[in-house]
Amino acid sequence: MSFWDRIKPTERPVSATEVTLSPDNTLLSLVWEDGVKTHATAQVLRQQCPCAGCVDEWTNKRTLDPSRVPADVRITQLQPVGNYALTFVFSDGHGTGIYPWKLLRDITQPQG
């Protein structure tokens, strides 16, 4: 048991072991530790951005109107954030959201 396990007794969320972006940068695909494969479009990821510019920090109410995110939005950059999240820069210039693994698992859909 590590020091962190004693002071933060929460269960570690499942994390992705493989992250890929489609050649046209419109689809993110994830393979999770438990073998589940999921995906989400760049548009869905942008619509679900958890940053303070898209979600009110006090009320947790979404301030970004999802209908204003263009269908052809693309992911122009993808970066890991430590061992717990990903961050994206989108073709509309937005790039302040940090997407923890749990959020990504919740908003991505199983691949069929």
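Two strands count as paired if DSSP finds at least two bridges between them. The model used in these exercises is predicted.

**Exercise 1.** Find which strands form the sheet that contains S3, and state where leucine 27 stands.

*Solution.*
Step 1. The open sheet with S3 has 4 strands, ordered S1-S2-S3-S7, and its pairing is antiparallel.
Step 2. At its edges lie strand S1 (16-21) and strand S7 (109-110), each of which pairs on one side only.
Step 3. Strand S2 covers residues 27-32 and strand S3 covers residues 37-41; 5 bridges link the two in the antiparallel sense. The cut-off for a pair is at least two bridges, so S2 and S3 count as paired.
Step 4. Leucine 27 stands opposite threonine 41 in S3.

**Exercise 2.** Describe the sheet that contains S5, and name the bridge partner of leucine 86.

*Solution.*
Step 1. An open sheet of 3 strands runs in the order S4-S5-S6, with antiparallel pairing.
Step 2. Strand S4 (75-81) and strand S6 (98-100) are the edge strands, each pairing on one side only.
Step 3. From one strand to the next, the twist averages 30 degrees.
Step 4. Strand S5 (residues 85-90) is joined to S6 by 3 bridges, and the two run antiparallel.
Step 5. Leucine 86 has tyrosine 99, in S6, as its bridge partner.

**Exercise 3.** State what UniProt lists for residues 20-105, and give the helix and strand content of this stretch.

*Solution.*
Step 1. An unreviewed UniProt entry lists residues 20-105 as "domain: Gamma-butyrobetaine hydroxylase-like N-terminal".
Step 2. Over residues 20-105, the chain is 13% helix and 34% strand.
Step 3. The end C-alpha atoms of residues 20-105 are 15 Å apart.

Key. Residues are numbered from 1 along each chain as its sequence is written. This is a predicted model: local features need pLDDT of at least 70, side-chain atom pairs count only at pLDDT 80 or more; totals for chains, interfaces and linings use all residues. Side-chain values use heavy atoms; hydrogens and water are left out. Axes are lines fitted to C-alpha atoms, for helices over the stretch in contact, and angles run from 0 to 180 degrees between N-to-C directions. UniProt positions are given in the numbering used here, feature names are shortened, and annotations may be inferred rather than shown by experiment.
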